[in-house]
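Please walk through this chain with the sequence and the coordinates open side by side. The explanation starts from a single backbone detail and works outward from there.

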Amino acid sequence: MFHGLCAFSLLHCGRGEEKVRVIRETCSDGEMIQDIDFIVFDADDTLWDCQGHFEVVMQRLYDELLPWTGTREAAASELYATERKNMRLLGFGVKAFTLSMLETAMRVSQGQMSANTLSDILRQCYTLLEFPCTPLPEVKETLWQLTQQGRRMVLFTKGELLDQQHKLERSGLGRYFEHVEITSDKREADFRLLARKLGAAPRSLVMVGNSLKSDMAPALAAGWRAVYIPFHVTWQLERHEHFEHERLTEISHFAQLLSVL
Ligand SMILES: [Mg+2]
């Protein structure tokens, strides 16, 4: 079933300072999702925690930059500025993040941060290539049940090819997906291209993910349906104002997929 959207509430997002309006899904007599060919899943922060691991490493940089920035918030703004600047050429992933971390450290400290501290930050960034991709609560059981129902499932994630492949391997969830698509970005054109690859009509595709910016908005623009599962922390570059759409629904925990699809 595809439930309608109604009833507004407030959700603390990101580090807790930003309030965004969200739409709570209720069991109304809304539109039904029928004739679904593929359920397409985002990976990071939808199937397993990713941003939480990055946040830990970022906090270390913020601590080391305090002598120059005075506050962690100011240090976070500096890193954000670097990541935004580098996004066009470096894209997403651990390598881009690591370069932005070191660049921020050197720029903000005006070259005064010690080599030992920089080495330690580098070492911490490397841990992001190996953190355990333990499936989030209800994920494994829900994917198994969807498989038992004969649902066809696809993984669609952006980032670095090798890193994303390794994360999927570490998660143990690869068996549930008949196709894995790893791209440098997830824009409307990427969703249209994936639909063509799958040979599926846009309306027969459902995108399930945690990002309004990278999962919901471009999927809806490409004519897909979309199910939004908010994660407790959102990367600053992924933050997006909430919006309404007739093909968008929101659930609060993963197993609810079984009742909305
Ligand atoms: Mg995600």
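Glu138 is partly exposed, because 15 other C-beta atoms lie within 10 Å of its own, and its place is in the loop between α4 and α5. Although Glu138 is not a glycine, its phi is positive, at about 75 degrees. Asp45 likewise has a positive phi, of about 65 degrees, without being a glycine, and it sits in the loop between β3 and α1. Asp45, however, counts as buried, because 23 C-beta neighbours fall inside 10 Å, where 20 or more are required.

Before going further, it should be said that this is a predicted model, in which the mean pLDDT of the chain is 87 and 85% of the residues reach 70 or more. Over residues 1-31 the pLDDT stays under 50, and the model has 60 contacts beyond four places in sequence for that stretch. Where pLDDT is low, the predicted coordinates should not be read in detail.

The chain contains 9 helices and 8 strands, and of its 261 residues 34% count as buried. Among the contacts between residues at least 6 apart in sequence, 68% join residues that are at least 24 apart.

How is the largest nonpolar core made up, and which residues have the most contacts inside it? This core has 40 residues, and those with the most contacts inside it are Val40, Val206, Val208, Trp224 and Ala226. Two or more residues are given to this core by each of β3 (38-41), α5 (139-148), β4 (153-158), α7 (188-198), β6 (205-209), α8 (212-221) and β7 (225-228), with the largest share, 5 residues, coming from α8. A second core, separate from this one, has 14 residues, including Leu65, Ala75, Met101 and Ile121.

Helix α8 is largely enclosed by the rest of the structure, because 8 of its 10 residues are buried. Those buried residues are Leu212, Ser214, Asp215, Met216, Ala217, Pro218, Ala219 and Leu220, and what covers them includes β4, α7, β6, β7 and β8 (248-250).

Just after α8, Gly223 takes a positive phi of about 95 degrees, while Ala222 is placed in the loop between α8 and β7. Is Ala222 buried or exposed? Ala222 is buried, because 20 other C-beta atoms lie within 10 Å, and 20 is the number at which a residue begins to count as buried. Leaving out residues up to four places away in sequence, Ala222 touches Glu188, Phe191, Arg192, Ala195 and Pro202. Its C-alpha atom is separated by 9.1 Å from that of Arg203, which is 19 residues away along the chain. Trp224, when its neighbours within four places in sequence are set aside, is in contact with Phe191, Pro202, Leu205, Val206, Met207 and Ala219.

A packed pair of helices can be followed elsewhere in the chain. Two packed helices are described by the angle between their axes and the distance between the axes. For helix α1 (residues 51-69) and helix α4 (residues 115-127), the axes come within 9 Å and cross at roughly 165 degrees. The two helices are therefore roughly antiparallel, since angles over 145 degrees count as such, and their crossing is left-handed. Where they meet, α1 contributes Val57, Arg60, Leu61 and Glu64, and α4 contributes Thr117, Ile121, Gln124 and Cys125. An α-helix has 3.6 residues a turn, so residues three or four places apart point the same way.

Key:
Residues numbered from 1 in each chain as written. Predicted model: local features only at pLDDT ≥ 70, side-chain atom pairs only at ≥ 80, totals over all residues. Core = buried A, V, L, I, M, F, W, Y, C linked by C-beta atoms within 7 Å. Buried ≥ 20, exposed ≤ 12 C-beta atoms within 10 Å, placed from the backbone. Helix = DSSP H or I, 4+ residues; strand = E, 2+ residues; numbered from the N terminus. Contact = placed C-beta atoms within 7 Å. pLDDT = per-residue confidence, 0-100. Axes fitted to C-alpha atoms, helices over the stretch in contact; angles between N-to-C directions. Parallel < 35°, antiparallel > 145°, perpendicular 65-115°, else oblique. Left-handed = near helix turned anticlockwise from the far one by under 90°.
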